[in-house]
Amino acid sequence: MKALEKNPKVFSPEHLAEITQNELFEEIFADDNGPIPFPDRFARLEMTRDFGKWFMEKGIKPSDIIQSAGKAGKPLRRLLDRLKKIPGYNEDPLEKKNLLLAMTMANRPERFIEVRDFYNWLPVVDYHLMRVALRLGLVDLHKNEIYENEKRQFVSAETENDVRTSVFDAVVFLIRESGRSMSFIDELMWSARKYCPEMEEPDCSKCVFANVCKKRTKLFQPVFRTTYY
């Protein structure tokens, strides 16, 4: 907000296409205590610039994509299909950031898009959901993956993809078998994350899954650096 108040065009594609490292990390990625020590700084800088350049090359604005999706017969699918082509949103096959943006557009008081194709909502799989799913027993690790997971060691891209895809498939199965919506299951899993944190001991007694969880509390999300999600 401080960056926006200082420059109303700070998030415009034209500005982002040429943004400086100092402005991105000293002003935008900063809080009241100063700059946030984000890792992968150069990757994030390049991604931000590529995002701005893409819109300039296409001659459109981000709002054009939202408005176009809102007019489509399947608004959510249209938005997700467009986002998959934009730098910063085109990496992740599971579309985590894309789905979060769609949720924001659909649930803001302004209702930027009205989702009618609810079946196109997919699980939002991030670190926290993977951790809960592993501890809950929703998915299992291969024997050779358990040691490095419990020791919170960095894993290979193959291992991270294996765990994340398994969690995605398991949640899809859970949605189908329960007859509940993706938003219902996502909110339920989110409530579990609150009591199953990364660095503190889990408070199992307060968790909605307390009676069915396998309580594999030594397990952790795959330790893997990525800008995908």
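## Overall layout

The protein has 11 helices and 2 strands. Bear in mind that this is a predicted model. Reading from the N terminus, the order is α-α-α-β-β-α-α-α-α-α-α-α-α, which puts the two strands right after the third helix.

As for dimensions, the C-alpha atoms fit in a box of roughly 50 × 40 × 30 Å along the principal axes. Take the contacts in the protein with a separation of 6 or more: 62% of them link residues 24 or more positions apart.

## Surface and charge

Of the 229 residues in the protein, 41% are buried. The exposed area comes to about 13700 Å², with carbon and sulfur atoms supplying 53% of it.

On the charge side, there are 37 positive and 36 negative side chains. The centres of those two sets sit 3 Å apart.

## A closer look at Arg 135

Arg 135 belongs to helix α8, which covers residues 127-136. This arginine is buried, yet it has no salt bridge. The nearest side chain of opposite charge is Glu 201, and that one is 7.7 Å away, whereas a salt bridge calls for a nitrogen-to-carboxyl-oxygen pair within 4 Å.

So what lies 3.2 Å from a polar atom of the Arg 135 side chain? That would be the backbone oxygen of Pro 197. Pro 197 also turns up among the contacts Arg 135 makes beyond its neighbours within four places in sequence, along with Cys 196, Glu 198 and Pro 202. Other partners on that list include Arg 152, Leu 219 and Phe 220, plus the run Cys 213, Lys 214, Lys 215, Arg 216 and Thr 217.

Technical notes. Residues are numbered from 1 along each chain as its sequence is written. This is a predicted model: local features need pLDDT of at least 70, side-chain atom pairs count only at pLDDT 80 or more; totals for chains, interfaces and linings use all residues. Side-chain values use heavy atoms; hydrogens and water are left out. Helices (H or I, at least four residues) and strands (E, at least two) are DSSP runs, numbered from the N terminus. Buried means under 20% relative accessible area, exposed over 50%, partly exposed in between (1.4 Å probe, protein chains only). Contact means heavy atoms within 4.5 Å. Accessible areas come from the Shrake-Rupley method with a 1.4 Å probe; for residues, only the protein chains shown count as cover. Lys and Arg count as positive and Asp and Glu as negative; His and the chain ends are not counted. The place of a charge is taken as NZ of Lys, CZ of Arg, CG of Asp or CD of Glu. A polar contact is a pair of N or O atoms within 3.5 Å; within protein, one must be able to donate a hydrogen and the other to accept it, and residues adjacent in sequence count only if both atoms are side-chain atoms.
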